[in-house]
Amino acid sequence: MEKVVVVTGANSGIGLALCERLLSSDSQVRLCLACRNMERAEAARAALLTSHSSARVDLLHLDVGSVPSVLGAAEEVKTRYSRIDFLYLNAGIMPNPTVDIRAFFKGLFSRNVINMFATAEGLLTQQDQLNSDGLQEVFATNLFGHFLLIRELEPLLCQPGHTSRLVWTSSSNARRSAFSIEDIQHRRGKEPYSSSKYASDMLSLALNTHKNKQGLFSSVICPGLVMTNLTYGILPSFFWTLIMPIMWLIRIFTNTFTLTPYAGAEALHWMFLQKPESLDPRAKYHSLTSGLGTNYTEPRIMDLDDEMTEVFFSKLLELERAVRRNLSEKTADSEHYQQYINRT
Ligand SMILES: NC(=O)C1=CN([C@@H]2O[C@H](COP(=O)(O)OP(=O)(O)OC[C@H]3O[C@@H](n4cnc5c(N)ncnc54)[C@H](OP(=O)(O)O)[C@@H]3O)[C@@H](O)[C@H]2O)C=CC1
Ligand SMILES: CC(C)CCC[C@@H](C)[C@H]1CC[C@H]2C3=CC[C@H]4[C@H](C)C(=O)CC[C@]4(C)[C@H]3CC[C@]12C
């Protein structure tokens, strides 16, 4: 039977590598590439069809960082498909990153060096901004847009007698100390990326608590450190060229340096092959690469607090109501405006 797989942020990096791997391993897959830039989406589709000429690859316009776009895309999905088997919540951004060079060199000569390379703890900050919906951009893109998409697609995701799966591309950079339940959008801090990824870990757990009975299962993965547009954006390109041999050397000593999008997509692809009942809702599944270059997936228990997770879930539902109210007021305003224009 055909398996409908929707992937957000599918036009490059880990998302595109996942699509390639899914098509190579299962001829029943019907892919839907959900992307904000249709030119790049077309290019990704063309690349996939070059190696899999008979594959079914659909495109969907989705800017996950914009509420109206998410609502429009969800409507489109509901007209196209009767159910969704897998929804990969993969699109993500890390805008205006800064590396703390002093902390890097300090960490380099400390016992924490492996952990520093694996998680970038204490190394990275970002500058966030408000988007057109009045939300913090990183929170809106990495988390809230995906949450709204899930909420909108519940009729396709929660069907009697059928199991649907959500897979979040989280990160080992997700840290509880970067997240504040009083400031879920991370308006005041300097680590919006880490905060948004920790938020996705909590949301996945909450979705399992609330939706497993309806046949919806959620998992989180970390792709490891992968060289993609996101990572290339962190340092000037000449710098990456300089340190690239060192990165490949480090790969021998730490299994979290997956480096290629193919290897980074390991856990995402592995998820596709697992029965949901066999997965631990409190674990993050890591793509890892051994010194000899073998890719594998390993679970690690996440640092989650049940009470905070539930409060966070309620806050998201509250924010969803506020955002919808705001949107309908805006629509009503523009209707009044249109009526006024028509009268004059
Ligand atoms: N690379 C790494 O080392 C790691 C990456 N990750 C996560 O992996 C995921 C994929 O990133 P990666 O492949 O590395 O980087 P890429 O930048 O290659 O991929 C990110 C994808 O997300 C898309 N995207 C960004 N913003 C939006 C938006 N508003 N609406 C729709 N799509 C959007 C991008 O589209 P466009 O081309 O239009 O920008 C792109 O297709 C992210 O969630 C990232 O946080 C996690 C841990 C490590
Ligand atoms: C100052 C230079 C000499 C060297 C700087 C190296 C850093 C730019 C990188 C070292 C560790 C890297 C990262 C680790 C974890 C990744 C995480 C899992 C993720 O989600 C996104 C990318 C990472 C934060 C990544 C980014 C580059 C490093 C900080």
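A residue counts as near a molecule if one of its heavy atoms lies within 4 Å of it. Keep that cut-off in mind for the exercises below. The model is predicted.

**Exercise 1. Find the residues around ligand 2 and describe their classes.**

Step 1. Collect the shell. It holds 18 residues. Phe 117, Leu 124, Ser 171, Tyr 193 and Ile 234 come nearest.

Step 2. Look for polar contacts. A polar side-chain atom of Ser 171 sits 2.6 Å from an oxygen atom of ligand 2. For Tyr 193, a polar side-chain atom is 2.8 Å from an oxygen atom of the ligand.

Step 3. Check the cover. Alone, ligand 2 exposes 620 Å². The protein buries 95% of that.

Step 4. Trace the elements. Helix H4 (101–108), helix H5 (113–119) and H9 each give two or more residues to this shell. H5 gives the most, with three residues.

Step 5. Sort by class. The shell has 14 nonpolar residues, four polar and no charged.

**Exercise 2. Do the same for ligand 1: which residues are closest, and which backbone atoms make polar contacts?**

Step 1. Collect the shell. Here 29 residues surround the ligand. The closest are Arg 36, Arg 40, Asn 90, Tyr 193 and Thr 228.

Step 2. Take the backbone contacts in turn. A polar backbone atom of Val 64 is 2.9 Å from a nitrogen atom of ligand 1. A polar backbone atom of Asn 90 is 2.7 Å from an oxygen atom of the ligand. A backbone N or O atom of Gly 224 is 3.3 Å from an oxygen atom of ligand 1.

Step 3. Check the cover. Ligand 1 taken alone exposes 890 Å², and the protein buries 94% of that.

Step 4. Trace the elements. Two or more residues come from each of helix H1 (13–25), helix H8 (192–211) and helix H9 (229–232). H9 has the largest share, three residues.

Step 5. Sort by class. There are ten nonpolar, 15 polar and four charged residues in this shell.

**Exercise 3. Locate the largest nonpolar core and follow the contacts of Leu 203.**

Step 1. Find the best-connected members. The core has 55 residues. Leu 87, Phe 144, Ile 150, Phe 179, Leu 203, Phe 312 and Leu 316 touch the most other members.

Step 2. Ask which helix gives the largest share. Helix H6 (residues 137–152) does, with eight residues.

Step 3. Pick Leu 203. Leave aside its neighbours within four places in sequence. Leu 203 then contacts Leu 143, Phe 147, Trp 168, Phe 312, Phe 313 and Leu 316.

Step 4. Look beyond this core. Another core, of 31 residues, lies apart from it. Among its members are Leu 22, Ala 44, Met 271 and Tyr 285.

Conventions: Residues are numbered from 1 along each chain as its sequence is written. Chains are lettered from A and ligands numbered from 1 in the order in which they are written. This is a predicted model: local features need pLDDT of at least 70, side-chain atom pairs count only at pLDDT 80 or more; totals for chains, interfaces and linings use all residues. Side-chain values use heavy atoms; hydrogens and water are left out. A nonpolar core is a set of buried Ala, Val, Leu, Ile, Met, Phe, Trp, Tyr and Cys residues joined through side-chain atoms within 4.5 Å. Buried means under 20% relative accessible area, exposed over 50%, partly exposed in between (1.4 Å probe, protein chains only). Helices (H or I, at least four residues) and strands (E, at least two) are DSSP runs, numbered from the N terminus. Contact means heavy atoms within 4.5 Å. A polar contact is a pair of N or O atoms within 3.5 Å; within protein, one must be able to donate a hydrogen and the other to accept it, and residues adjacent in sequence count only if both atoms are side-chain atoms. Accessible areas come from the Shrake-Rupley method with a 1.4 Å probe; for residues, only the protein chains shown count as cover. Ala, Val, Leu, Ile, Met, Phe, Trp, Tyr, Cys and Pro count as nonpolar, Asp, Glu, Lys and Arg as charged, and the others, Gly among them, as polar.
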